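Trainee: Please take a close look at a single part of this model. Pick one strand and show me how it is packed and paired.

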Amino acid sequence: MSKPTVLILCTGNSCRSHMAEGILRHVAGDLFEVHSAGSKPAGYVHPGAIGVMKEIGIDISGHTSKHLSEFLCRKIDTVITVCGKADQACPMFPGQVNRYHWGFDDPAHATGTEEEVLAVFRRVRDQIKLVFSAYAAGYREKAKS
């Protein structure tokens, strides 16, 4: 039996969606096939996101920024938007059974010293980790029943 596919959407597909993809794969790659995309992809994965994920042992340096249209012809079981603009731009996917919106601040817009900017990336990463780890734990628990 194939694993359900989770698509994580954000506008730029450069920070939040990649952090969420990496975390969900890390904690529940045995449960889900996980991808991320954007409605207006930036074309790169933000170095700040790569750096703070590396700090927790998750390598997203091989991720690429993709447009959500790449997934319109695929079977998507769950779509999770992680920013408000992506939630508004999210199309319906054929056969999609679940849709969630969990908004997080965009660390790409952080300003200040390098350490202040990194602190924002870490805070957002930790919030994403908390939410997506809880989602995976709940799904795992439900699957046992």
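Mentor: **Strand β3 and its surroundings**

Both faces of β3 are covered. T78 and I80 on one side, and V79 and T81 on the other, are all buried (under 20% relative accessible area with a 1.4 Å probe, protein chains only; over 50% is exposed, and in between is partly exposed). This is a predicted model: local features need pLDDT of at least 70, side-chain atom pairs count only at pLDDT 80 or more, and totals for chains, interfaces and linings use all residues. Residues are numbered from 1 along each chain as its sequence is written, and side-chain values use heavy atoms, without hydrogens and water.

Now the pairing. β3 spans residues 78-81 and pairs with β4 in the parallel sense over 4 bridges. Strands are DSSP runs of E, at least two residues, and helices are runs of H or I, at least four, numbered from the N terminus. Two strands pair if DSSP finds at least two bridges between them. I80 stands opposite Y100 in β4. β1 and β3 also run parallel, joined by 4 bridges. Here T78 of β3 is the bridge partner of V6.

Step back to the sheet. It is open, with 4 strands in the order β2-β1-β3-β4 and parallel pairing. β2 (33-38) and β4 (98-101) stand at the edges with a single partner strand each, so one side of each has no neighbour in the sheet. Neighbouring strands are turned by 20° against each other on average, direction ignored. Axes are lines fitted to C-alpha atoms, for helices over the stretch in contact; angles run from 0 to 180 degrees between N-to-C directions.

Next, the helices. α4 (residues 114-144) lies across β1, β3 and β4, at about 160° to β3. Contact means heavy atoms within 4.5 Å. α1 (residues 16-28) lies across β1 (5-10) and β2, at about 180° to β2.

These two helices also meet. The axes of α1 and α4 come within 9 Å and cross at roughly 40°. They are therefore oblique (under 35 degrees is roughly parallel, over 145 roughly antiparallel, 65 to 115 roughly perpendicular, the rest oblique). The contact includes M19, I23 and V27 of α1, and F121, I128 and F132 of α4. Its residues divide into 12 nonpolar, 1 polar and 4 charged. Ala, Val, Leu, Ile, Met, Phe, Trp, Tyr, Cys and Pro count as nonpolar, Asp, Glu, Lys and Arg as charged, and the others, Gly among them, as polar.
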